Amino acid sequence: MGTTCGLKIDPLYRYVRALVICFILLPCIQLSLGAKTRHLKWEVEYKYWSPDCIENIVMAINGQFPGPTIRAKVGDTISVELTNKLSTEGVVIHWHGIRQIGTPWADGTASISQCAINPGETFNYRFKVDKPGTYFYHGHLGMQRSAGLYGSLIVDLAEGEKEPFYYDGELNLLLSDWWHENTHDQEVGLFTNPFRWVGESQSLLINGRGQYNCSLAAKFSSNTSISQCKLRGTEQCAPKILHVLPNKTYRLRLASATSLASLNLAIGNHKMLVVEADGNYVQPFEVDDLDIYSGESYSVLLTTNQDPSNNYWLSIGVRGRLPQTPQGLTILNYHPNSASKLPISAPPVTPVWNDYNHSKAFTNKILALMGTPKPPINHDRRIILLNTQNKIDGYTKWALNNVSLVLPPTPYLGSIKYGLKNAFDQKNPPENFDSINYDVTKPPVNPNSTYGNGVYMLGFNTTVDVILQNANALSANVSEIHPWHLHGHDFWVLGYGDGKFSADKDEKKLNLKNPPLRNSAIIFPYGWTALRFVADNPGVWAFHCHIEPHLHMGMGVIFAEGVDRLSTIPNEGLTCGLTGKMFSGQKN
Ligand code: C2O
Ligand code: CU
């Protein structure tokens with residue numbers, strides 16, 4: 001060293017160069033020292049489990065249900081070596097809310113970003129977490145989320161950064177719903193003529209625990225009910241008690257992995273301050289109860305300022321569908337009370353299931369915190385998606401602009417990158433529906449629709465609007481809630497409205513000032529929701545209703561952008577049926 005191309009380098013130059021290297025590279029080195037790679041080895045298998053005190057089988061990860069919580073810091077790389085130990089099914093895991101910038105092959109969507117991992121195979125998911133927030137992960141093949149394949153994923157701020165709010169402690173609640181009929185039976189029912197719907201769930205679970213027929217709620221005044229519940233089946237269904245100290249502030253992290261249920265959550269006597277939605281900060285607002293739809297996450301601040309000699313109920317109940325599922329319950333246990341001391345007042349009552357005004361009032365309060373990126377003022381393209389329930393050859397389906405999604409066998413990511421023309425329908429799916437003649441308040445005049453697997457090819461870096469238009473289902477006077485979720489991006493929720501979206505009247509009502517950034521948004525019955533996002537993340541991304549049976553019945557579309565900009569796609573992201581360690585070329 002010391003010479004370059006045989007020329008002598010003057011010592012002063014060397015000194016200056018050393019200084020420059022120190023100043024320029026040091027911060028980078030420090031940054032990468034702070035960021036970690038978190039290596040996890042997971043095995044997925046079925047296990048006997050009693051989520052609601054009734055024994056059943058669940059999809060467990062490393063023998064646990066729900067799966068292990070991942071906790072990481074912004075900038076970290078998560079590396080999950082996932083081995084499929086199921087004997088006859090493939091598996092994939094999707095990291096819900098993580099945008100997978102630069103790693104679209106790690107999105108964990110079967111037939112979209114990768115092949116399903118075959119029994120016996122191992123696949124390594126390796127991706128960066130770039131935004132703090134409350135997220136979760138779940139299976140994304142068939143109905144594996146309903147089968148219990150899910151867990152929490154929490155991303156903390158990088159070292160030295162501060163949240164825009166203060167709290168003393170944290171509690172994490174992953175919400176879900178649970179059926180006694182297994183998902184294979186449910187799937188057969190959904191694909192049968194006459195149609196057999198999955199029905200309402202038997203239980204609601206909080207951190208994978210519920211109490212079927214345990215009448216925890218009905219017997220809230222009896223001091224024996226919790227221990228009765230504990231004795232039913234196993235400890236697996238005993239509620240996870242929330243231990244708190246009086247006069248402190250707790251951050252409750254809430255995420256809903258439900259298959260079907262829209263939920264409302266409330267805590268007896270306590271108010272909550274909403275501060276985060278889907279990994280984005282919102283303008284704080286106070287609520288007595290909060291709606292949370294499948295695919296959504298929130299953080300709320302809870303101050304333990306009530307009579308400390310009591311404990312309090314936390315309850316979740318069903319919204320938007322005539323509830324046939326008892327509330328899910330657990331206890332907020334003020335220290336030093338005994339956790340088995342039952343609250344003196346009854347669990348909070350869930351608002352009436354079809355009180356949509358209550359839900360709309362809540363939803364309209366969600367606005368971006370100052371400093372959140374604002375949407376572009378104009379859009380380059382607007383896709384309007386009519387959500388309908390339809391029939392194909394007598395089978396009941398959900399469709400968008402009359403196309404019901406059926407995923408192709410070859411994953412889109414590879415087939416788009418390498419131009420495999422036969423892998424999926426090359427025609428662009430419809431941008432719109434006949435909005436002049438279609439009456440969204442009535443069942444479809446012609447209920448027939450078609451299967452499709454075409455892709456909305458989005459210009460790279462263009463601004464895309466999606467208007468989700470709800471309509472009447474097949475039966476008269478029925479229009480359902482659908483929580484829509486976008487992979488690979490956050491979108492701005494520009495607004496909600498009733499009836500048919502009209503560019504003339506509704507355009508000027510859209511909120512371009514402080515719309516919340518999210519990855520999930522709902523459409524209310526007979527209403528519309530307007531979303532905007534920038535197609536700036538090379539990859540192929542699902543956009544779908546997060547109600548698992550609805551997605552399974554075709555309620556989704558596929559977006560793709562900038563796939564040609566991906567310099568490579570790891571082989572393992574392209575091929576199916578490869579055994580051995582995936583991405584083994586990559587170190588650390
Ligand atoms: Cu959490 Cu494609 O979904
Ligand atoms: Cu739906």
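**Exercise 1.** Leaving aside its neighbours within four places in sequence, which residues is Arg145 in contact with?

*Solution.* A word on the ground rules: this is a predicted model, where local features need pLDDT of at least 70, side-chain atom pairs count only at pLDDT 80 or more, and totals for chains, interfaces and linings use all residues. Residues are numbered from 1 along each chain as its sequence is written, chains are lettered from A and ligands numbered from 1 in the order in which they are written, and side-chain values use heavy atoms, without hydrogens and water.

Step 1: find Arg145 in the loop between β9 (133-139) and β10 (150-156); strands are DSSP runs of E, at least two residues, and helices runs of H or I, at least four, numbered from the N terminus.

Step 2: list the contacts (heavy atoms within 4.5 Å). They are His138, Gly139, Tyr150, Ala257, Thr258, Ser259, Ser294, His546, Ile547 and Glu548.

Step 3: check accessibility. Arg145 has a relative accessible area of 1%, so it is buried (under 20%; exposed is over 50%, partly exposed in between; 1.4 Å probe, protein chains only).

**Exercise 2.** Which protein donors hold the copper ion (ligand 2)?

*Solution.* Step 1: search for donors, meaning N, O and S atoms within 2.8 Å of the metal (3.2 Å for Na, K and Ca); water is not among the atoms, so sites may look incomplete.

Step 2: read off His482 (ND1), Cys545 (SG) and His550 (ND1), at 2.0 to 2.1 Å from the ion. Along the chain, their spacing is H-x62-C-x4-H.

Step 3: look at burial again. Cys545 is buried at 0% relative accessible area, and His550 is buried at 1%.
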